[in-house]
Amino acid sequence: MSHPLPTARFPDGHTVPALGLGTWHMGENRSEAASEVRALQAGIDCGMTLIDTAEMYASGGAEEITGEAIRGWRDQVFLVSKVLPSNASHKGTIAACEASLKRLGTDHIDLYLLHWPGRHPLSGTLEAFEELRGAGKIGRWGVSNFDTVGMRQLSALPQGGNCAANQVLYNLSTRGIEFDLMPWMTENAMPLMAYSPLDEGRLMRHHGLGKMAGRLGVTPAQLALAFLISRDNVIAIPKSSSPERVAENRASADIELSEDQIGELDQLFPPPRSREPLQMI
């Protein structure tokens, strides 16, 4: 019997599964649309009810796939989308959100993120976020690809303390955020969303990880995901277009890593010993 999925908690107390569904590269090929919809629905069906998408992905195509997948399931899904920095003026943010809502076929987005820091003043973006939240079009807002300095600057702005999450590149091969960003977010009771949790598939070809996974009777992907969701308040969002691979990802929650096994992973993928520049893709 599968273990319950671990959860992550937002500053407002709302909890979500710590293992969700990514959609990057979905919607790029209409011939794959049906399988992408089935994969998302398979994930929802097994409790991976957080879906992450963005207006950037396939120029809105991923949002359309997501909208099709959640039709009839909306009340069960925690929906995350993002505004491009180029659209993130006060007026542009509101227009972008309206367009995303239309593509998603819903009247609200649960978490709306600024995709990365851009040229528009953050103050205007945050004002738009707060207007959208007040209108019920978004439930909460956050950012993506912000380093520790950026998070401190954000939190110092009017309304900046309402930031609910930060989504960054994080996987066994990319652990620099553990030195200063993760502690800052823990101190501020803010979940960290880990995109590309399998390093775009490269971890599945890592020799040492493969040997360890084989010894434990799991796949390298499952071991890599188990590491992330064992961390406090981390949400991993692997993308898969296959219901079978989604089920494999879900089974990562059944892996209970011991301290010795965590130590072995630290030997294979050493944690940072000093501050590193934030990596992003």
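In this predicted model, strands β5 and β6 (residues 109-114) run parallel and are paired through 4 bridges. One of the contacts in this pairing sets Val83 against its bridge partner in β6, Leu114. The route from β5 to β6 passes through helix α3 (residues 90-104), and the three elements together form a β-α-β unit of right-handed sense. On its other pairing, β5 is joined to β4 by 3 bridges, again in parallel, and here Leu50 has Phe78 of β5 as its bridge partner. The chain travels from β4 to β5 by way of helix α2 (residues 61-70), and this crossover is right-handed.

Strand β5 deserves a closer look. All 6 of its 6 residues are buried, so the strand is largely enclosed by the rest of the structure. Side chains in a regular strand alternate between the two faces of the sheet. In β5, Phe78, Val80 and Lys82 point one way, while Leu79, Ser81 and Val83 point the other way, and buried positions are found on both sides.

These pairings belong to a wider arrangement. The sheet is open and holds 8 strands, ordered β3-β4-β5-β6-β7-β8-β9-β10, with parallel pairing. Its edges are taken by β3 (21-22) and β10, each of which has a single partner strand, so one side of each is left without a neighbour in the sheet. Further along the order, strand β7 (residues 138-144) is joined to β8 by 2 bridges, and the two run parallel. Within this pairing, Val143 stands opposite Asn166 of β8. Strand β8 in turn meets strand β9 (residues 192-195) through 4 bridges, also in the parallel sense, with Gln167 finding its bridge partner in Met193 of β9. Helix α6 comes between these two strands in a β-α-β unit, and that unit is right-handed.

Turning to charged side chains, the general idea is a familiar one: side chains of opposite charge can pair when their charged atoms come close. The model contains 14 salt bridges. One of them brings Asp52 and Lys82 together, with an N to O distance of 2.8 Å. Asp52 belongs to strand β4 (residues 50-52) and Lys82 to strand β5 (residues 78-83), so this contact ties together parts of the chain that lie 30 residues apart in sequence. Both partners are buried.

Another salt bridge joins the side chains of Glu178 and Arg231, at 3.9 Å from N to O. Glu178 sits in the loop between β8 (166-169) and α6 (181-187), whereas Arg231 is found in the loop between α8 (220-229) and β10 (234-236), so the pair ties together parts 53 residues apart in sequence. The two partners fall into separate classes of accessibility: Glu178 is buried at a relative accessible area of 15%, and Arg231 counts as partly exposed at 25%.

A further pair is formed by Arg215 and Glu264, whose side chains meet at 2.6 Å, N to O. This salt bridge links distant parts of the chain, since Arg215 lies in helix α7 (residues 207-216) and Glu264 in helix α10 (residues 259-268), 49 residues apart. With a relative accessibility of 54%, Arg215 counts as exposed, while Glu264 is partly exposed at 26%. Some salt bridges also share partners, and in this way Arg175, Glu178, Arg231 and Asp266 are joined into one network.

The model also contains pockets. The largest pocket holds about 430 Å³ of space. Its lining consists of 27 residues, and those nearest the centre are Trp24, Ser196, Pro197, Glu200 and Lys239. Sorted by class, this lining comprises 12 nonpolar, 11 polar and 4 charged residues.

The second largest pocket has a volume of about 160 Å³. It is lined by 13 residues, with Ile177, Asp180, Glu276, Pro277 and Leu278 nearest its centre. Here the lining divides into 5 nonpolar, 4 polar and 4 charged residues.

Technical notes. Residues numbered from 1 in each chain as written. Predicted model: local features only at pLDDT ≥ 70, side-chain atom pairs only at ≥ 80, totals over all residues. Heavy atoms only, no water. Salt bridge = Lys/Arg side-chain N within 4 Å of Asp/Glu carboxyl O. Buried < 20%, exposed > 50% of the residue type's maximum accessible area, 1.4 Å probe, protein only. Pairing = 2+ DSSP bridges. Right-handed = clockwise from strand over helix to strand, strands pointing away. 1 Å grid on protein atoms, 1.4 Å probe; cavity = no way out; pocket = protein on both sides within 12 Å on 5 of 7 lines; lining within 4 Å. Points joined across faces, edges and corners; volume = space filled by probe spheres on them. Nonpolar A, V, L, I, M, F, W, Y, C, P; charged D, E, K, R; others polar.
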